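Reader: I should like to learn how the features of a protein model are to be read, one after another. May we take the structure below as the example?

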Amino acid sequence: MTDLNGRQEAVRNAIASLKDKPGALLPILHSVQDTIGYIPADSIPDIARALNLSRAEVHGVISFYHYFRDTPPGQHTLHVCRAESCQAMGSKQLESHIKNRLGIDFHETTADGKFSLEPVYCLGLCARSPSLQIDDAVYGRVSEERFDAIVNELEASL
């Protein structure tokens with residue numbers, strides 16, 4: 001969702017429907033991100049005011065939890081597993097290859113808006129390490145060559 005009015009309405013709806021719940025900040029942040037795809041900086045003052053929190057407190061929660069984004073995600077989100085099993089099977093090298101291939105680091109999006117890169121700390125594929133998740137699809141035993149093939153296919157479909 002990119003239009004300003006739509007984003008503001010999504011934030012207002014999340015606040016209105018969730019502000020009276022105990023511990024409302026996290027549900028509101030999840031609702032905003034689920035609807036918009038990220039938590040826009042201009043929504044922080046409204047959320048803080050509704051919950052009687054400081055903007056710093058709201059921003060602190062957003063920046064503490066790796067799940068929350070403060071920038072729009074790419075069309076495809078890649079999660080690279082960084083758990084011990086994957087590290088033992090070469091995920092550090094795969095991670096470097098992915099960063100070089102896409103020209104981004106974790107928590108960034110490619111300039112063309114196609115891909116966002118995020119770390120994850122277990123995908124449950126320890127027997128098939130290293131693993132990667134792209135959107136809802138999970139891949140095991142991902143080599144640099146297999147990653148390139150997957151990304152080439154995705155790019156061709158965009």
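Reader: Does His 107 count as buried, partly exposed or exposed, and at what relative accessibility?

Author: This is a predicted model, and every value that follows is computed from it. A residue is called buried under 20% relative accessible area and exposed over 50%, with partly exposed in between. His 107 has a relative accessibility of 43%, so it counts as partly exposed. His 107 belongs to the loop between α6 and β2. Its phi is near 70°, a positive value in a residue other than glycine.

Reader: Which value does phi take at Asp 135, and where is Asp 135 found?

Author: Asp 135 has a positive phi near 55°, again in a residue other than glycine. Asp 135 sits in the loop between β4 and β5. With a relative accessible area of 31%, Asp 135 is partly exposed.

Reader: Which peptide bond is cis?

Author: The bond from Ser 129 to Pro 130 is cis, and its omega is near -10°. Pro 130 is placed in the loop between β3 and β4.

Reader: Let us turn to the sheet. In what order do the five strands lie, and is the sheet open or closed?

Author: The sheet is open, its order is β2-β3-β1-β4-β5, and its pairing is mixed. The strands β2 (108-109) and β5 (137-139) are at the edges; each has a single partner strand, so one side of each lacks a neighbour in the sheet.

Reader: How many bridges join β1 to β3, and do these strands run parallel or antiparallel?

Author: Six bridges join β1 to β3, and the two strands run parallel. Across this pairing, Leu 78 stands opposite Leu 117 in β3. By contrast, β2 pairs with β3 (residues 115-120) in the antiparallel sense, over two bridges. In that second pairing, Glu 108 stands opposite Leu 117. The hairpin of β2 and β3 has five residues between the strands, and Gly 113 in this hairpin takes a positive phi near 75°.

Reader: Which residues of β3 point one way, and which the other?

Author: The general idea is that side chains in a regular strand alternate between the two faces of the sheet. In β3, Phe 115, Leu 117 and Pro 119 point one way, while Ser 116, Glu 118 and Val 120 point the other way. All of these residues are buried, and β3 is accordingly described as mostly covered, with six of its six residues buried.

Reader: Which helix lies across β1, β3 and β4, and at what angle does this helix run to β1?

Author: Helix α6 (residues 91-102) lies across β1 (76-81), β3 and β4 (132-134), and runs at about 155° to β1.

Reader: Now the helix pairs. At what angle do α1 and α2 cross, and how far apart do their axes come?

Author: An angle over 145 degrees counts as roughly antiparallel. Helix α1 (residues 4-18) and helix α2 (residues 25-36) cross at roughly 150°, and their axes come within 9 Å. The two helices are therefore roughly antiparallel to each other. The crossing of α1 past α2 is right-handed. On the α1 side, the contact is made by Arg 7, Ala 10, Val 11, Ala 14, Ile 15 and Leu 18; on the α2 side, by Pro 27, Ile 28, Ser 31, Val 32, Thr 35 and Ile 36. By class, this contact of α1 with α2 comprises nine nonpolar, two polar and one charged residues.

Reader: At what angle do α3 and α4 pack, and how far apart are their axes?

Author: Helix α3 (residues 44-51) packs against helix α4 (residues 55-64) at an angle of about 115°, with the axes 8 Å apart. This angle makes α3 roughly perpendicular to α4. The crossing of α3 and α4 is right-handed. From α3, Ile 44, Pro 45, Ile 47 and Ala 48 make the contact, and from α4, Arg 55, Val 58, His 59 and Ile 62. Six nonpolar, one polar and one charged residues make up the contact of α3 with α4.

Reader: Finally, which residues does His 30 touch, leaving out those up to four places away in sequence?

Author: His 30, found in helix α2, touches Tyr 67 and Phe 68 when residues up to four places away in sequence are not counted. With a relative accessible area of 32%, His 30 is partly exposed. The C-alpha atoms of His 30 and Val 58 are separated by 13 Å, and the two residues are 28 residues apart along the chain.

Terms used. Residues are numbered from 1 along each chain as its sequence is written. This is a predicted model: local features need pLDDT of at least 70, side-chain atom pairs count only at pLDDT 80 or more; totals for chains, interfaces and linings use all residues. Side-chain values use heavy atoms; hydrogens and water are left out. Axes are lines fitted to C-alpha atoms, for helices over the stretch in contact, and angles run from 0 to 180 degrees between N-to-C directions. Helices (H or I, at least four residues) and strands (E, at least two) are DSSP runs, numbered from the N terminus. Angles under 35 degrees count as roughly parallel, over 145 as roughly antiparallel, 65 to 115 as roughly perpendicular and the rest as oblique. A crossing is left-handed if the near helix is turned anticlockwise from the far one by less than a right angle, and right-handed if clockwise. Contact means heavy atoms within 4.5 Å. Ala, Val, Leu, Ile, Met, Phe, Trp, Tyr, Cys and Pro count as nonpolar, Asp, Glu, Lys and Arg as charged, and the others, Gly among them, as polar. Two strands pair if DSSP finds at least two bridges between them. Buried means under 20% relative accessible area, exposed over 50%, partly exposed in between (1.4 Å probe, protein chains only).
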